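Here's a quick walk through a two-part model, written for someone who likes to know the cut-offs. Have a look first, then read on.

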Amino acid sequence: MPNDTLLLVALALPFLGSLAAGFLPTHARNAAAVLAGGVAVAGMAITVWLYATVADDAPVQFWLSWLPMLGLDFTLRLDGLAWLFAMMIFGIGALVVLYARYYMSREDPVPRFFSFLLAFMGSMIGIVLSGNLIQMVFFWELTSLFSFLLIGYWHHSASARDGARMALTVTGTGGLCLLVGVLLVGRIVGSYDIDQVLESRDLIVQSDLYVPALVLILLGAFTKSAQFPFHFWLPHAMAAPTPVSAYLHSATMVKAGIFLLMRLWPVMAGTDAWFYLVVPAGLVTLLLGAFIAIFQQDLKGLLAYSTISHLGLITLLLGLGSPLAAVAAIFHTLNHAIFKASLFMAAGIIDHETGTRDLRKLSGLYRYMPITATLAMVAAAAMAGVPLLNGFISKEMFFAEAVADHTGSLLDDSLPYWATLAGAFSVTYSLRFILGVFFGPPPVDLPHRPHEPAHWMRFPIELLVLICLLIGIVPGLTVGPVLATAVKGLLDGTVPYYSLALWHGFTLPLLMSLIAMAGGVVLYLALRRYLESGIEGPPILRDFKGQRIFEKVLATLSWQWARAAEAGLGTRRLQAQMRIVITLAVVAALAPFLVNGAVGTGDLPGTPLPPAFALLWMVGGVCALAAAYQAKYHRFAALVLVGGAGLVTCITFVWLSAPDLAVTQLLVEIVTTVLLLLGLRWLPKRIEDVYPSRPPLKVLLRRYLDLAIACSLGGVMAFLAYCLMTRPLTGSVSRFFVERAYTEGGGTNIVNVILVDFRGFDTMGEIVVLCLAGLTVFALLRRFRPAPESIRAPEQQRIQNEFDEAAPDRSPGDTAADYMLIPRLIMHWLFPVIAVMAVYLFMRGHDLPGGGFAAGITLSIAFVVQYMASGTRWVEDHLRVLPLRWMGVGLLTSCATGVGSWWFGYPFLTSHFQYVELPLIGKVPAASALLFDLGVFALVVGATVLILIALAHQSLRSARAAQAAEGGE
Amino acid sequence: MEIVLAIGIGIFTASGVWLILRPRTYQVIIGLSLISYAVNLFIFAMAGGGLRVDAPPILAAGGVGNPAAIADPIPQALVLTAIVIGFAMTALFLVVLLAARGRTGTDHVDGREPER
């Protein structure tokens with residue numbers, strides 16, 4: 001496989017594995033672990049395979065055009081720096097998987113754990129491999145999301161939920177800042193491609209947007225890497241299962257921020273702004289983290305604060321801006337990942353085997369688990385920077401850089417002292433970790449009796465500690481080439497001189513190391529009494545809780561202010577909301593006139609007014625006004641009046657050259673009226689007046705207000721309509737359709753050709769809406785409970801039934817049947833007539849007014865007429881309509897017509913037409929759009945009939961329900 | 001003709017708006033019907049070339065159409081869609097209205113009678 005494809009495979013594997021693990025059964029812990037481990041090892045193998053290419057020359061790249069018009073491509077890019085990180089992510093990931101297999105308990109849904117872990121791994125790989133800044137931010141956000149899921153894995157525990165939410169809020173907010181920062185960088189450079197960005201240092205640094213972009217990007221990096229003052233989320237993330245902590249806080253998550261700083265280091269570092277933003281943040285984090293770590297009583301808490309401190313150290317190194325400091329930063333990132341992962345795993349073993357992580361309870365474990373204790377001691381010594389271990393060498397480099405001169409400022413000059421102090425702190429907390437847990441008197445009251453863990457659970461630690469020793473003793477042979485490759489990747493080929501030796505002679509950094517170590521021991525002895533008192537947290541500082549401030553801010557923002565806003569601005573009453581919406585509509589419609597000056601009516605010559613048209617609209621206006629007046633108490637009258645208004649609309653369409661609209665409007669008018677009539681059956685009469693005498697003043701005022709709103713919107717609409725009708729419409733696309741309807745669409749009815757051909761996709765969406773509305777109506781009516789007042793048979797039916805029951809030779813329902821005798825006969829005979837009419841409307845649709853919509857509604861009217869003539873019961877016994885099948889067939893036909901054009905290599909819904917010579921009939925147009933229209937037709941029939949039948953069927957249901965109720969009494 | 005149609009649209013709108021501001025669900029459904037007539041006519045009236053009598057957008061067989069000779073087909077295509085969708089929405093709203101009446105025991109739009 002070519003290298004670039006391998007890169008894609010390395011990125012895709014974890015995500016595919018995550019998906020697969022998610023589908024494993026809950027108890028399949030071994031299968032999930034093997035899958036996850038396999039993915040991590042395969043990823044590592046690919047990464048190792050690619051080393052030769054990366055070490056040799058140019059980075060490996062994978063390129064896929066994504067949104068070229070926006071300058072966005074999907075690119076993967078593996079240079080030395082990314083290689084080192086990818087190696088850490090896969091390598092430590094594999095070890096964490098092995099460890100987690102033994103750590104996670106049988107009761108946990110382990111496949112889900114591995115699924116999240118793999119997805120997280122993939123997201124991290126995405127960050128380091130991204131060759132495009134936007135793409136990197138995308139994966140950055142993914143890591144926030146998946147770390148949320150991982151930290152909150154034990155979601156039944158409140159602290160896990162809180163910790164997860166806090167991590168997500170802090171890192172997610174940082175991610176948003178980063179996105180804006182990256183967009184600014186993209187604006188400065190003119191590209192989001194990392195290669196181009198890395199070549200544009202002068203452009204970026206000299207830009208006015210440099211400082212805002214820098215601040216935003218740093219916010220992203222600092223929140224992710226838990227730099228002061230955003231460090232508080234990290235200790236709370238310790239509520240996660242320990243394998244997660246070991247992974248997130250050593251090689252991944254928090255290192256994403258570091259990676260970002262490194263990635264942009266060549267183009268953004270080295271300025272005063274960078275120095276004064278990054279160095280203080282790193283320094284404060286370094287000291288504060290180390291200081292607080294000393295006073296932790298929770299084992300993982302101690303490691304968490306020590307992580308914060310080490311991240312501060314790396315940030316500080318990057319902030320210095322010198323190439324050598326950057327080398328030290330990379331080296332320390334690697335070292336920290338190795339020893340911190342092993343320490344977290346050791347802490348997890350202690351927790352797992354003893355049942356507690358509390359330093360006050362733990363003591364003297366050496367005698368129970370000597371091997372684990374020895375391993376943890378070596379790792380902790382590496383953390384403290386003891387010679388012969390990897391931590392020592394990178395710490396020496398740090399001290400050397402602290403001594404070196406960078407900006408000559410007071411901050412820069414004081415760095416050696418701070419560095420030594422931080423070194424002493426790290427010695428103190430490492431001592432505390434070792435002495436507190438493994439030495440001292442035997443523990444009392446432990447939840448479990450401690451013993452050595454399963455060997456394979458300890459294996460990852462053994463391996464990592466071995467690496468610590470190898471790097472510490474023979475750095476040049478082991479880590480030298482890899483580090484050199486990474487440095488080349490970071491510094492674009494120019495590598496400064498550095499020496500990876502253990503012994504550099506008696507130098508100032510060595511002296512600082514010795515002072516730090518001695519100072520650390522002294523400090524530990526001095527603090528012993530305080531630490532043994534069992535108080536959690538350092539003196540004074542423990543009263544400042546980042547978490548409390550965070551929660552306060554969160555509660556204020558998301559709860560108190562939101563509630564105040566809702567109480568002050570919101571209402572649950574529909575009428576008040578409608579008033580606001582409509583008033584806004586009036587304002588929005590008038591605003592352009594107010595802003596651009598009053599635009600009067602146009603000067604197009606009007607169409608002469610036939611008196612009949614004026615009369616027609618007088619009727620229409622009266623109908624509308626009367627409907628508005630009557631709708632409250634006289635619903636039937638209102639329905640008739642609205643029908644009148646609809647007819648006026650319909651005639652207007654005929655008059656003004658819109659035959660298609662007129663046909664459709666008329667047919668829809670019929671079904672709507674039937675529908676509302678069916679609905680009226682279930683709407684109990686309103687008899688009593690809410691206000692028997694005169695309504696109170698408040699209500700009257702409200703009505704006048706509504707009247708004013710209604711009149712003003714009516715006025716605005718009339719005015720706008722008049723203005724529009726009296727001025728020419730420029731820039732219309734109508735010409736396109738008119739000219740091509742026949743030559744390209746094969747039909748003379750332009751409206752129909754637009755619907756089924758040019759804008760077929762819109763029509764497709766529309767029939768889907770109709771389909772959904774029909775199904776929703778159907779679903780709502782399945783569990784429909786009518787108003788109790790309307791369950792009895794209607795008054796008229798009761799009177800008729802009483803009459804029938806009183807007469808000896810009649811049975812109930814006879815009177816209605818008698819009344820309907822002749823209409824019923826006519827309506828039965830009309831069925832084929834209407835059906836033929838529907839077919840006719842459909843067939844001529846492409847050339848003359850008609851089409852699928854009109855035909856569909858016509859056919860559904862044919863069905864509905866049968867219901868009206870013979871009653872629901874009779875029709876359901878004699879006619880099976882199956883509207884759901886009509887709808888399904890219709891939708892499938894339309895889709896298939898659309899998809900069919902793919903077959904011939906055209907885009908979706910491209911239509912084709914030709915004239916076909918049929919015997920007897922002659923030349924007929926045969927467009928594929930006709931097939932599409934057939935689908936529309938079937939769907940419209942199905943949906944309309946479904947809605948009407950579902951409602952009509954209610955009378956049978958409730959009759960049965962009423963009978964059952966009576967029978968039960 | 002234009003002025004009559006404009007006033008008609010205005011009256012339909014005003015009646016509809018008045019109704020959708022009322023508290024009873026049936027009033028709202030009638031109001032929505034009236035508003036949809038008004039809006040459909042409004043869109044229809046936006047046709048380029050103004051109102052046309054006796055000029056339906058139907059071509060003589062076999063030829064390129066002349067946009068100046070016939071009514072603008074685009075607003076018509078838009079309104080045709082709107083009519084059908086309007087029907088679907090009326091049906092949906094009607095069923096919701098009926099279900100709400102059965103469930104809440106009132107036909108007030110808020111699902112409960114206002115406090116008096």
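How many helices and strands does chain A have? Chain A has 38 helices and 4 strands, taken as DSSP runs numbered from the N terminus (H or I of at least four residues for helices, E of at least two for strands).

A bit of housekeeping: this is a predicted model, where local features need pLDDT of at least 70 and side-chain atom pairs count only at pLDDT 80 or more, while totals for chains, interfaces and linings use all residues. Residues are numbered from 1 along each chain as its sequence is written, with chains lettered from A and ligands numbered from 1 in the order in which they are written.

Of the 969 residues in chain A, 47% are buried (20 or more other C-beta atoms within 10 Å of their own, placed from the backbone). For contacts (C-beta atoms within 7 Å) with a separation of 6 or more in chain A, 78% link residues 24 or more positions apart.

The largest nonpolar core (buried Ala, Val, Leu, Ile, Met, Phe, Trp, Tyr and Cys joined through C-beta atoms within 7 Å) holds 210 residues, and A:C468 is among those touching the most other members. Helix 4 of chain A (residues 80-103) gives the most to this core, 20 residues. A second, separate core of 139 residues includes A:A627 and B:I30.

Between the chains, 83 residues of chain B contact 95 of chain A. Helix 3 of chain B gives the most to its side of that interface, with 24 residues. That side splits up like this:

| Class | Chain B residues touching chain A |
|---|---|
| nonpolar (Ala, Val, Leu, Ile, Met, Phe, Trp, Tyr, Cys, Pro) | 57 residues |
| polar (the others, Gly among them) | 16 residues |
| charged (Asp, Glu, Lys, Arg) | 10 residues |

Technical notes: Buried ≥ 20, exposed ≤ 12 C-beta atoms within 10 Å, placed from the backbone. Contact = placed C-beta atoms within 7 Å.
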